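Please find below a short note for a colleague working at the bench. The points follow the structure shown here.

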Amino acid sequence: MTNDRLRRAMTTARVSVDDLSDAAQVNPKTVQRWLGGRLPHARHRWAVATALKEDERYLWPTSEGTLSPGAATTAEVIAAYAHRADVPASQWWDLLVGATRQIDLLAYAMLFLPEQHPRLCDLLRGKAAADCRVRITLADPASPQAAERDAEEQLNGALLGRIRTALQYLGPLHDCEGVEIRLHSTPMYNSLFRFDDDMFVTPHLYGTAGYGAPLMHIRRLGPDGVFANFAEHFEAIWATSRPPRTDDTN
């Protein structure tokens, strides 16, 4: 993934690739590789951070490799968007394609994913065949919690219909080994989409549709950070969920 933080810091500081290569005493092509996502050696990170007047941990959140309990964990938040809809569809697809161990998806309906990516079921079936664990949990369309959210957004039943439609889209996965689909009946404070050590989290705002809510892109740095908290949140909801029944799509 490209280092957008480094690129923005260079733009803000009005520092060119050549300027930065001089400051770090490296070839300009090396700076281009850093912008492309390569992690510089420590001495170069220090030189770049000094030249740009930025915190090294901000420019390269993964450079420390891990987090100790109680440490500041804002480095795990590598991007934030005002609205979920601001995230390019290609970025969702790239994270799905890149996941090799674990894909966890938690939402009310999540209908936007199969609508934006018609090959989603084929991709997830392939992931499962390659030993990537896939878990999807949507809101139970018959639950009071789903009805309350529908009323809050003044959707007149549209949210419940979207959940049922999403279940139909995901139908080809119901009997796929390695893919588990469940329904939950819990208060939903956020939607969560995990791709190995990357995660999208969308906090729910009162009366606001999911596409209009903010989204945070979080990357795991260790066992005690923000990522870990949301991962535990998923596990807690998953433990309360149930497999869908035939009448859930009616």
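1. The model under discussion is predicted. Strand S3 is a convenient place to begin. S3 and strand S4 (residues 179-184) run parallel and are paired over 6 bridges. Within this pairing, Thr137 is placed opposite Arg182 of S4.

2. S3 also pairs with strand S2 (residues 102-106), again in the parallel sense, over 5 bridges. On this side, Gln102 has Arg133 of S3 as its bridge partner. S3, which spans residues 133-139, is mostly covered, with 6 of its 7 residues buried.

3. Leu138 deserves separate attention. When neighbours within four places in sequence are set aside, its contacts include Ala107, Tyr108, Ala109 and Met110. Leu138 also touches Ile163, Ala166, Leu167 and Leu170, and its list of contacts is completed by Arg182, Leu183 and His184.

4. Which residues have the most contacts inside the largest nonpolar core? They are Trp92, Met110, Ile136, Leu138, Phe193 and Phe195, in a core of 53 residues. Helix H11 (residues 226-240) is the element that gives the most to this core, contributing 6 residues. Apart from this core lies another, made up of 16 residues, including Val15, Val17, Leu35 and Val48. As general background, nonpolar side chains in soluble globular proteins tend to be buried together.

5. Helix H2 covers residues 17-24, and its buried residues are Val17, Leu20, Ser21 and Ala24. Viewed down the axis of H2, these buried residues fall within an arc of 100 degrees, so they line one face of the helix. Helix H1 (4-13), helix H3 (28-35) and helix H4 (42-52) are among the elements that cover them. Val17 is thus listed both among the buried residues of H2 and in the 16-residue core.

6. The end of H2 has a backbone feature that may be checked in the display. Gln25, just after H2, takes a positive phi of about 60 degrees.

7. A final point concerns Gln154. This residue lies in the loop between helix H9 (144-152) and helix H10 (158-169). Is Gln154 buried or exposed? Its relative accessible area is 67%, and it is therefore exposed, the cut-off being over 50%. Gln154 and Thr208 are 54 residues apart in sequence, and their C-alpha atoms are 9.8 Å apart in space.

Note on methods. Residues numbered from 1 in each chain as written. Predicted model: local features only at pLDDT ≥ 70, side-chain atom pairs only at ≥ 80, totals over all residues. Heavy atoms only, no water. Buried < 20%, exposed > 50% of the residue type's maximum accessible area, 1.4 Å probe, protein only. Helix = DSSP H or I, 4+ residues; strand = E, 2+ residues; numbered from the N terminus. Arc of directions from axis to C-beta. Contact = heavy atoms within 4.5 Å. Pairing = 2+ DSSP bridges. Core = buried A, V, L, I, M, F, W, Y, C linked by side-chain atoms within 4.5 Å.
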